[in-house]
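Please look over the sequence and the model together, and let the paragraphs that follow guide you from one part to the next.

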Amino acid sequence: MSHTEKMGSMATAKEATLHQRILSDIENQIVSGAWPPGHRIPFELALAEQYDCSRMTVNKVLTQLARAGLIERRKRSGSFVTHPQAQSAILEIHDIKSEILSLNLPYSYKLVKLAERRGRPEDSRRLQFAGPVTVLEITCIHYAGSRPFCLEDRVINLDAVPDAANADFTTLPPGPWLINQVPWSTAEHQIRAISAEGEAAASLDVAKGTACLVVERRTWSPSGPITHVRLTYPGDRHSLVARFTPAS
């Protein structure tokens, strides 16, 4: 190999190393939450000066990040961290923690309300149960990084699941606990759009009137209704997917 060829090979290797370094640095800033959704990334020229490289190298990095869905490039405005959007299957009972981790964001959970009480007419409607019932009312918030991801409002039929009264929901969300403890035979989903108001807007840290997606689910065991849960997501942080096959 000639001296010129060696120099060209070294330059290519250096560019590849710089590309990976810049890519890793920006990814870490986004995944760690240091650059939250909506944050404007430094302009190409500033990044080129910071890393002592060409704007072409920076441009390739930003293009790769945009293709991965981590940033959005806006003409004349710059590049911005996107709002991650989780997907879940409509007909599955999904785990919120798994959704958040799939976005490469840290998961956390906060219990807001826990109350055991006699059922009210609203609880009977939610559980679709005509007789008297004792319920455990639970409100909690699931976080993706530092941002609220989902507000969970749930009632559990304690006549069907008496062990729930003694479960520690301060650290373990009720959804995974129920899946592990109680075999269910039937589930029903209802999906609708709402405008966030009052408690929901405050809990999700969004402005009143923000479009939200609500997923309501009832589950039954052979002995009767188990739980009804209302999951409220800011509309830009969640989507639902369904796959169908034609009837034979």
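In this predicted model, the lining of the second largest pocket draws at least two residues from each of strand 7 (147-157), strand 8 (186-195), helix 7 (198-204) and strand 10 (224-234). Among these contributors, strand 8 gives the largest share of that lining, with three residues. The pocket itself has a volume of about 200 Å³, and the residues that line it are T139, L151, D153, R192, I194, S195, E199, A200, V214, R230 and T232. Sorted by chemical character, this lining holds four nonpolar, three polar and four charged residues. As a general point, empty space of this kind is revealed by rolling a probe the size of a water molecule over the atoms.

Stepping back to the protein that surrounds the pocket, the reader can count seven helices and eleven strands. Of the 248 residues in the protein, 41% are buried, while the accessible surface comes to about 13,900 Å², with carbon and sulfur atoms accounting for 53% of that area. When the contacts with a separation of 6 or more are considered, 61% of them join residues that stand 24 or more positions apart.

Two residues can now be followed one after the other, beginning with H142, which is placed in strand 6 (residues 134-144). Is H142 buried or exposed? H142 counts as buried because its relative accessible area is 2%, which is under the 20% cut-off used for that term. The side chain of H142 also makes a polar contact with the side chain of E152, at 2.7 Å. Leaving aside residues up to four places away in sequence, H142 touches I96, I100, Y107, S108, Y109, R147, P148, F149, C150, E152 and P173, so that E152 appears both in this list of touching residues and as the partner in the polar contact.

The other residue to follow is S79, which belongs to strand 3 (residues 78-81). With a relative accessibility of 7%, S79 is counted as buried, because this value too falls under 20%. Which residues does S79 touch, not counting residues up to four places away in sequence? On that basis, S79 is in contact with H39, R40 and I41, with L62, and with I71, E72 and R73.

Terms used. Residues numbered from 1 in each chain as written. Predicted model: local features only at pLDDT ≥ 70, side-chain atom pairs only at ≥ 80, totals over all residues. Heavy atoms only, no water. 1 Å grid on protein atoms, 1.4 Å probe; cavity = no way out; pocket = protein on both sides within 12 Å on 5 of 7 lines; lining within 4 Å. Points joined across faces, edges and corners; volume = space filled by probe spheres on them. Helix = DSSP H or I, 4+ residues; strand = E, 2+ residues; numbered from the N terminus. Nonpolar A, V, L, I, M, F, W, Y, C, P; charged D, E, K, R; others polar. Buried < 20%, exposed > 50% of the residue type's maximum accessible area, 1.4 Å probe, protein only. Contact = heavy atoms within 4.5 Å. Areas by Shrake-Rupley, 256 points an atom, 1.4 Å probe, with all protein chains shown as cover. Polar contact = N/O pair within 3.5 Å; in protein donor to acceptor, adjacent residues only side chain to side chain.
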